[in-house]
Amino acid sequence: MSHTPMMQQYLALKAEHPDKFVFFRMGDFYELFFDDAKRAAKMLDITLTQRGESSGTPIPLAGVPFHSIDGYLAKLVRAGETVAIAEQVGVPGLTKGPVERKIVRIVTPGTVTDANLVDARKETLLAAVVIDGARAGVALVNASAGGVSLRDLQTSELIAYLLRKDPAEFVCSESNERAMREMLVQTSLSSFTLRPRPDYEFTSVRASDELTQALGTATIGHLDLERVPLALNASGAALAFTRLVNGNSRLPISTVNVERASEALEMDASTLRNLEITQTLSGADSPTLFSLLDRCETAAGSRLLRALLTEPPRDQTRAASRHDAVASLARASATQNSALDFTRVQDALRGLSDIERVATRIAVASVRPRELAGLRTTLAALPGLASALRGSPNATLRAIADTINVDARWYELLKHAVAEEPALVVRDGGVIANGYNLDLDELRAIQTDSGAFLAKMEATERERTGIPNLRVEYNKVHGFYIEVTPSYIDKVPVEYKRRQTLKNAERYITPELKVFEDNALAANDRALALEKRLFEELLQLLMPALDLFRKAGAALSELDVLSNFAERAETLKLARPAFTSVPCVELSAARHPVIESLVDQFIPNDLRLDTKRSCVVLTGPNMGGKSTYMRQAALAIIMAYAGCFVAANAATIGPIDRVLTRIGASDDLASGRSTFMVEMTEAAAILQRATLNSFVIVDEIGRGTSTFDGLALATAIARRLIAKAQSLTLFATHYFELTELANDHANCVNQHVSVVEHGDKVVFLHEVKAGPASRSYGIDVAKLAGLPSEVIRDARRELERLEKERTHTKPQADLFAAQASVVEETPIASPALDALRALDADDLSPREAHAKLAELIELVKKM
C-alpha cells in the first residue's frame, strides 16, 4: 500500500542511511520506525508500539523525548552504534505536505565531541588505517581535543598498536576492508565499528587539502610528514569522514603529532592484558594499576594518566623531571621549602572544567551554555593557582604556572556575557547575562513587566466585575487568560471571549489582554532569537583564545597527574626510582602495588638483573608467588617511566625499550588457535623483538603439548634470550631441567620461591631465594585445591614410579616422523659433520656463509 507523505519522507532519509539508527524529529519527540524501532526498544528499554500500516502490516514505532535525547544517544554510542539525526528544518504551514526534514548530524562512536556522549576520563579516537604490503599507516583523530596523531609501522605491529590505542571506530579503504576486518576479528575486541571508504580518499593530495583547511594554514610542509607517507594518506580519509558526519563542517585541528617508535616504551596488547594495566584478565576495570593510581581530580588528568601507563615515554630525562616535580609536591618537601604541596594543588583543581575539550566544542559550535559558565569559573581560579606555583623551587611546576596564566580579558568577556546560572540549552533563553546587550535587556523588561501588568489587571477586573476569585494568568500552551469559577459565570462581562472550558473553571480573553499577549509573546520570541545570535557571536569572539585554552588544559592535566602521583607516593609508600644508562633493573623490597592493596600482608622481594646477570630462571610451586614477583618488576618499570614513584624501598632502572610478556594462555576459539598455538605465537613475537634493553617475562611456556616437546621448546627459547638477545629476563618454569642453563651460561642464575614443609602440609612463604627449588609441589597444591585424598595418594604413587623410570625411558615417539629403522646406526665421526653441527646459520652474513661453505668443501675433500 502507499505510504503517507511523512512516512515517504522518512523512508527516503532511511534509504540514505540504511546502516544507522534514524532519529526522526516529530514535534517534541524523535521517532524510530520498523527495525530501528524494534532494536531501539530493546537497547534503550523504551516502549515499542505501532502506527499506521505498511503493506497491510502495522508499522513498529518507538520514540524518545527531544529534551532527553543525549542519554539515549550515549547508550547507543557506547554500544558501537551510529545515529543519524533528522531535524525539522522547514517552517510548518508554509508548504503543503509535511514540514521539511533533513539529516543534520551523524553521531558515531569515534567522532562524538558532546560532553554527555563521551567518557570524560578516556580518549575517544577515530583510527584511519592504510595497509600497503608489509607496511601500514595509522591516523588517529581525537575529535574532542582537536588533535591528529600519525604513525607508520610494520603491518605485523599494526594490531598491537591499535589495541594499545583502543580506538572507538575504524576507517579503511574499500580495497583494504577484507584484510582489515580479518585482522580485527582476531583481536580481543568484542565488537568493532569499521567504515570502508572510497580508495580515492586515501591520497596525499586529499590529505594535504584536508589538513591545511583543518589547521587553517597554507601548507603542511612544516609538519615533517615525509616519514609517515601512509599515515598521511590515512589522515585525509579520517578528516573527510569527520566532515561527512558533521554535516560538511570541518573539525578544527590544533595539533598534528608524528609519532616515532623510539618515543614510547613499547608494550603489546598481551602485555597490557597480562599486567592488568587498565583492565583485569576478566575484562573488569578494577582492580588494575590504573584504578589504583587514578585519584586525579580532573577528567583530563585521568586521561593523561591512562596514556602514561599504557605508553610511558622512553625518555629517562622526561620521567626524571616528573619525579622531581612529584618530590617537590610531597608534603614534607613542600613544608620545608614553604611551597605548594599536593593537597593544596588538588583542592585548587577540584571542580575545574575540562577546558581542553570545551575549547574544541567552542570551535565546532557544540558547546553548551553551562560549559561556558564552567570555563569562566576555571579561568577565574587560574591566576591564584599560577601565583602559588610560581613560588615552587621546581622548574616543571613554574613552567605550568606560565602556561595556565591565561589573559584575564577572556574571563572578563565570559563574566559579562554569560548568565550566572545559564539554562541548559540556548533555545530555553536565560543564557546571556543582563547588561550585556541593551536590546535584549529591553525585550526582557517587557516580559518582566508582564507580572506587574497581570497583577494590576487582576485587581482592576475583580473590582469592576465583582468576582472576588477572578485570576489573570499565563501558561505556555494557552497563553494569557482570565479564569472564573462556575459560581460567578453570570457576572462575566460581555466583552470576555471564552478561550477554554475546564471542569471547575472557564477561561477568557479580552481585547486588552489579547493586545498585551501579542506584544509579550513577540518580545519573548525576539528575545530568544537575539539571545541565540548573541551566543553564536560570543563563540566567534572566543575563537582567538582556543589555543591558549587547550594549552592551559594540557598543563592542568599534567599538574593533576603530578599531584596525584605525589598523593599516591605518600599513601602507598612508594619510593623514587633512579635511572642509569647501564641496562639493569635493581629493586629492593619490591612489592606488587595492586595485590598489596588487597591483602593484609605482602611479602616484598629483591630483584637484580644486569648485563652480567641478565636471566633469572625462577622455579617453585604454583601459588608460591612467581607470577606476582615477575609482574611487580614490570609494573615498577612502567611506573618509573610514567613519572610515578615505585612500590619498592629503592629502585635503579636502566634504559628499557619495551616490556614483553608471555604469561598464561587460553584457547583463542574465534581465531581457531589452541592454547599451545597462542603460547608459541606470543613467544615468537618476543624472540623477534627482544633487544639488549628489553625486559622480558616468560611464565610457564611449553604447556599444551607433550612434556618433552614443551621442555625442548622452553629450553631453546630460554637459550635464545640468554645467549643472543641478552634481554633482562625473568623465566618461570616447572621444567627443572632448565635450571641447568645456569651451568652453561654465566649470565643466567637460578632463583626459587620458598616453601616450608610441615608434616604432609606445605606453607608458601612467597619469598624469592637463590638457587633452584628442591622439588615441585604440584600434588600439594592439588590437595589444597580439594582433590579427593584417594586421588592424591594415587598421584604420589604414580609420581614415585615415574621418577624411578625416568632415567630408563626410551625416546618419545614422533607420530609424524618416517618409520625409524629397527637397527641403530653408529654415528660417523667426521670433522666436516662436526663443523657443520657447530654452525649457527642465523648468525652468518652472506659473505661468512660463502666462506664457511668453502671450508666445508675442503674438509670433505680430505675425507
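**Rings, strands and cores: worked exercises**

Both Y10 and F24 are buried (under 20% relative accessible area, with exposed meaning over 50% and partly exposed in between; 1.4 Å probe, protein chains only). We're working with a predicted model, where local features need pLDDT of at least 70 and side-chain atom pairs count only at pLDDT 80 or more, while totals for chains, interfaces and linings use all residues. Residues are numbered from 1 along each chain as its sequence is written, and side-chain values use heavy atoms, with hydrogens and water left out.

**Exercise A: aromatic pairs**

Task: Find how many aromatic pairs the structure holds, then classify Y10 with F24 and F579 with Y641.

Solution:
- Start with the count: there are 9 aromatic pairs. Rings of Phe, Tyr and Trp (its six-membered ring) qualify if their centres lie within 6.5 Å; planes under 30 degrees apart are stacked, over 60 edge-to-face, and the rest tilted.
- Next, take Y10 and F24: with 5.5 Å centre to centre and 85° between the planes, the pair is edge-to-face. Y10 belongs to helix α1 (residues 5-16) and F24 to strand β1 (residues 21-26), so the pair ties together parts 14 residues apart in sequence. Helices (H or I, at least four residues) and strands (E, at least two) are DSSP runs, numbered from the N terminus.
- Then move to F579 and Y641, which come out tilted, at 5.0 Å centre to centre and 55° between the planes. This pair links distant parts of the chain, 62 residues apart: F579 is in strand β17 (residues 578-579) and Y641 in helix α22 (residues 626-642).
- Check the burial of these two: F579 has 21% relative accessibility and so counts as partly exposed, whereas Y641, at 1%, counts as buried.
- Finally, look for a cluster: ring pairs join F453, Y474, F480 and F516.

**Exercise B: charges over rings**

Task: Work out which ring R25 sits over, and which one R306 lies over.

Solution:
- Apply the criterion: NZ of Lys or CZ of Arg must be within 6 Å of the ring centre and within 35 degrees of the ring normal.
- For R25, the charged end is over the ring of Y30, 5.3 Å from its centre.
- For R306, the answer is the face of F290, with 4.4 Å to the ring centre.

**Exercise C: backbone oddities**

Task: Locate the cis peptide bond and place F34 and A589 in their elements.

Solution:
- Start with omega: about 0° between S286 and P287, a cis peptide bond. P287 is in the loop between α8 (269-274) and α9 (289-293).
- Now phi: F34 has a positive value near 55° despite not being glycine. F34 is part of helix α2 (residues 34-44) and, at 23% relative accessibility, counts as partly exposed.
- A589 also has a positive phi, near 50°, and is not glycine either. A589 sits in strand β18 (residues 584-590) and, at 13% relative accessibility, counts as buried.

**Exercise D: strand β10 and its partners**

Task: Explain why β10 is described as largely enclosed, then name the strands it pairs with.

Solution:
- Count burial: 5 of the 5 residues of β10 (residues 169-173) are buried, so the strand is largely enclosed by the rest of the structure.
- Split the side chains: E169, V171 and S173 point one way, F170 and C172 the other, and all are buried.
- Pairing needs at least two DSSP bridges between two strands. Strand β7 (residues 126-132) pairs with β10 in the parallel sense over 4 bridges, with A127 opposite F170.
- Strand β11 (residues 194-197) is likewise parallel to β10, over 4 bridges, and R195 in β11 is the bridge partner of V171.

**Exercise E: the open sheet**

Task: Give the strand order of the open sheet of 6 strands and identify its edges.

Solution:
- Read off the order: β3-β4-β2-β1-β5-β6, with mixed pairing.
- Spot the edges: β3 (49-54) and β6 (101-107) each pair on one side only.
- Take one antiparallel case: strands β2 (residues 29-33) and β4 (residues 57-65) pair over 5 bridges, and V64 in β4 is the bridge partner of Y30.

**Exercise F: cores**

Task: Name the residues that touch the most other members of the largest nonpolar core.

Solution:
- Set the rule: a core is a set of buried Ala, Val, Leu, Ile, Met, Phe, Trp, Tyr and Cys residues joined through side-chain atoms within 4.5 Å.
- Of the 111 residues in the largest core, the answer is L372, I656 and F695.
- Apart from it lies another core of 44 residues, among them L13, F24, L223 and V228.
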